[in-house]
Amino acid sequence: MKKLDQEDTLELLKASYRYLKSVDIPEISTLDDQKRAEAVQLIEEIGLKISEMRVKVE
């Protein structure tokens with residue numbers, strides 16, 4: 001895997017933001033229990049990753 005340069009890093013962050021912005025939150029609540037639990041776990045992991053990223057750039 002190639003090392004990301006500054007532009008690559010910024011583009012990945014922008015793409016991640018656009019994707020997360022497109023997720024339909026009300027549809028998550030209609031998932032069955034197992035899938036909803038998995039979605040909640042993923043959301044928590046995304047939150048932790050964002051916190052780690054924030055700490056590294058501040």
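Modeller: A helix is a DSSP run of H or I with at least four residues, numbered from the N terminus. The model is predicted, and in the predicted chain Met53 has its place in helix α3.

Colleague: What makes Met53 buried, exposed or partly exposed?

Modeller: The relative accessible area of Met53 is 33%. Buried needs under 20% and exposed needs over 50%, so with 33% Met53 is partly exposed.

Colleague: How far is Met53 from Pro26?

Modeller: They are 27 residues apart along the chain, and their C-alpha atoms are separated by 27 Å.

Colleague: How do you know what confidence the predictor has in the chain?

Modeller: From pLDDT, which runs from 0 to 100. The protein chain averages 88, and 97% of the residues score at least 70. Among the elements, helix α3 (residues 33–57) has the highest mean, 91, and helix α2 (residues 25–29) the lowest, 85.

Colleague: How do you know what span α3 should have?

Modeller: The expected span is 1.5 Å times one less than the number of residues. For the 25 residues of α3 this gives 36 Å, and the end C-alpha atoms are 36 Å apart, so the two values agree.

Colleague: What is the corresponding result for α1?

Modeller: Helix α1 (residues 6–22) has 17 residues and reaches 25 Å from its first C-alpha to its last. The expected value is 24 Å, which the model comes close to.

Colleague: Why is the contact of Asp33 and Arg36 called a salt bridge?

Modeller: The cut-off is 4 Å between a side-chain nitrogen of Lys or Arg and a carboxyl oxygen of Asp or Glu. The side chains of Asp33 and Arg36 meet at 2.6 Å, N to O, therefore the pair qualifies. Both residues lie in helix α3, 3 residues apart, about one turn of the helix. Asp33, at 60% relative accessible area, is exposed, whereas Arg36, at 29%, counts as partly exposed.

Colleague: How many salt bridges does the structure hold?

Modeller: It holds 2. Besides the pair in α3, the side chains of Lys14 and Glu11 meet at 3.8 Å, N to O. That value is within 4 Å, so the contact of Lys14 and Glu11 is also a salt bridge. Lys14 and Glu11 are both in helix α1, 3 residues apart. Lys14 is partly exposed at 38%, and Glu11 is partly exposed at 38%.

Colleague: Why do residues at such a spacing point the same way?

Modeller: An α-helix has 3.6 residues a turn, so residues three or four places apart point the same way. Side chains of opposite charge can pair when their charged atoms come close.

Colleague: What makes Asp32 a cap of α3?

Modeller: A side-chain oxygen of Asp32 lies 3.2 Å from the backbone nitrogen of Gln34, at the N-terminal end of α3. A polar contact needs N or O atoms within 3.5 Å, so 3.2 Å meets the cut-off. At the start of α1, a side-chain oxygen of Asp5 reaches to within 3.1 Å of the backbone nitrogen of Glu7.

Colleague: Which residues form the nonpolar patch?

Modeller: Tyr19, Leu20, Ile46 and Ile50, with about 370 Å² of accessible area together. Helices α1 and α3 each supply at least two residues of the patch.

Colleague: How do you know that Leu20 meets the accessibility condition for a patch?

Modeller: Patch residues need over 30% relative accessible area. Leu20, in helix α1, has 40%, so Leu20 meets that condition.

Colleague: What separates Lys35 from Leu20?

Modeller: Lys35 and Leu20 are 15 residues apart in sequence and 18 Å apart in space, C-alpha to C-alpha. Lys35 is in helix α3 and counts as partly exposed at 47% relative accessibility.

Conventions: Residues numbered from 1 in each chain as written. Predicted model: local features only at pLDDT ≥ 70, side-chain atom pairs only at ≥ 80, totals over all residues. Heavy atoms only, no water. Polar contact = N/O pair within 3.5 Å; in protein donor to acceptor, adjacent residues only side chain to side chain. Patch = residues over 30% accessible without salt bridge, like charges linked within 9 Å, V, L, I, M, F, W, Y side chains within 5 Å. Areas by Shrake-Rupley, 256 points an atom, 1.4 Å probe, with all protein chains shown as cover. Buried < 20%, exposed > 50% of the residue type's maximum accessible area, 1.4 Å probe, protein only.
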